[in-house]
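Let us walk through this model step by step, moving from a helix position to the bound ligands and then onward to other places along the chain.

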Amino acid sequence: MEAIILLGAPGAGKGTVAELLKESTHYQHVSTGDMLRAAVKSGKPVGLEAKSYMEAGELVPDEVIMRIVKERLDEGADDDLYMFDGFPRTIEQASLLDLALRDTGGRLTHVFMLQVPRDELVSRLAGRRVCRNCGAVYHVKNIPPSTEGICDTCGGELYQRADDSEETVLNRLEVFKKQTESLIDYYQEKGLLVDIDAAKSKDQTEEDIRNVLASESGA
Ligand code: ADP
Ligand code: ZN
């Protein structure tokens, strides 16, 4: 198993770029945020544990996260390619991932750090709308759907995530600074970090990542 990580602040576009890469590469998209939202929606026990943290923009406990990630990886095959989005988010999660990879003979090949200026992050999150049905992501100004409030792909209803309210957004950016930014050094020291300018369009950002993957795998 080989894996890459998409690292970056909330609003950096990890999920959006991951959806594009899912179409253009063989990587499977593993988003802990999406998995948690699905668990909340279906009323699973994990969802009940996670809900209050998510609404406050705080991190869900590492133990809960590792449980859902392990469950997801156990479903996979040895030659699977994974793209982690929103995971790991703490040093503890990163070292537990290292252990899990060592046990299964898997390895991390790249950690892409999606760089976006803070002002742009705030405006992206505040204008973000998500399809209730298929999870597609839009932005009221930058990526508007052709009909307001309706998903282009599936016709589902677009809504604003509870944690995209202004107050929660500021807390999530704070949590990123305090708890997740240290992962940049962690992966830099392992020689895995690749900086990506993610203030560009989603297509350009996806292409930049795809080019790194292609050039370094000799494809
Ligand atoms: P964003 O990256 O835009 O903040 P996500 O969808 O990745 O959005 O995450 C939403 C929320 O889910 C987070 O604020 C946090 O509460 C929870 N969460 C997701 N992934 C993790 C993780 N790896 N560790 C702890 N909490 C997580
Ligand atoms: Zn949709």
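Ser123 counts as partly exposed in this predicted model, because its relative accessibility of 36% falls between the limits of 20% for buried and 50% for exposed residues. The residue belongs to helix H6, which spans residues 118-126. Its C-alpha atom is separated by 20 Å from that of Glu58, a residue 65 positions away along the chain.

Glu58 leads on to the first ligand, since it is among the residues that come nearest to ligand 1, together with Thr32, Arg37, Gln93 and Arg172, out of 19 residues around that ligand. By class, the shell divides into seven nonpolar, four polar and eight charged residues. Helix H2, covering residues 32-41, supplies the largest share of the shell, with four residues.

Several side chains approach ligand 1 through polar atoms. A polar side-chain atom of Thr32 lies 2.7 Å from a nitrogen atom of the ligand, while an N or O atom in the side chain of Lys14 is found 3.1 Å from one of the ligand's oxygen atoms. For Arg161, an N or O atom of the side chain is likewise placed 3.1 Å from an oxygen atom of ligand 1. On its own, ligand 1 has 550 Å² of accessible area, and the protein covers 97% of this area.

Arg161 also takes part in a contact within the protein, for its side chain makes a polar contact of 2.9 Å with the side chain of Asp163. Asp163 is situated in the loop that runs between strand E7 (158-159) and helix H7 (166-180). Although it lies in a loop, Asp163 counts as buried, because its relative accessibility of 11% is under the 20% limit.

The second ligand is a zinc ion, and its coordination can be read directly from the donor atoms. The SG atoms of Cys131, Cys134, Cys151 and Cys154 coordinate the zinc ion (ligand 2) at 2.3 to 2.4 Å. The angles among these four donor atoms run from 98 to 117°, and the site is tetrahedral, because all of the angles lie between 85 and 135 degrees. Along the sequence, the donor residues follow the spacing C-x2-C-x16-C-x2-C. Which of the two donors Cys131 and Cys134 is buried, and which is partly exposed? Cys131 is buried, with a relative accessibility of 3%, whereas Cys134 is partly exposed, with a relative accessible area of 42%.

Helix H7, already met at the end of the loop that holds Asp163, offers two further positions to compare. Lys178 has its place in this helix and is exposed, because its relative accessible area of 66% is over the 50% limit. Thr180, which also lies in helix H7, is by contrast buried, with a relative accessible area of 4%. As for distances, the C-alpha atoms of Lys178 and Ala136 are separated by 29 Å, the two residues being 42 residues apart along the chain. Thr180 and Ala77 are 103 residues apart in sequence, with 29 Å between their C-alpha atoms.

A final point concerns the backbone. Most peptide bonds are trans. The peptide bond from Phe87 to Pro88, however, is cis, with omega near -10°. Pro88 is found in the loop that connects strand E3 (81-85) and helix H5 (91-104).

Conventions. Residues are numbered from 1 along each chain as its sequence is written. Chains are lettered from A and ligands numbered from 1 in the order in which they are written. This is a predicted model: local features need pLDDT of at least 70, side-chain atom pairs count only at pLDDT 80 or more; totals for chains, interfaces and linings use all residues. Side-chain values use heavy atoms; hydrogens and water are left out. A residue is near a molecule or strand if one of its heavy atoms lies within 4 Å of it. A polar contact is a pair of N or O atoms within 3.5 Å; within protein, one must be able to donate a hydrogen and the other to accept it, and residues adjacent in sequence count only if both atoms are side-chain atoms. Accessible areas come from the Shrake-Rupley method with a 1.4 Å probe; for residues, only the protein chains shown count as cover. Helices (H or I, at least four residues) and strands (E, at least two) are DSSP runs, numbered from the N terminus. Ala, Val, Leu, Ile, Met, Phe, Trp, Tyr, Cys and Pro count as nonpolar, Asp, Glu, Lys and Arg as charged, and the others, Gly among them, as polar. Donors are N, O and S atoms within 2.8 Å of the metal (3.2 Å for Na, K and Ca); water is not among the atoms, so sites may look incomplete. Four donors count as tetrahedral if all angles lie between 85 and 135 degrees; four count as square planar and six as octahedral if opposite donors are over 155 degrees apart and all others between 65 and 115; anything else is irregular. Buried means under 20% relative accessible area, exposed over 50%, partly exposed in between (1.4 Å probe, protein chains only).
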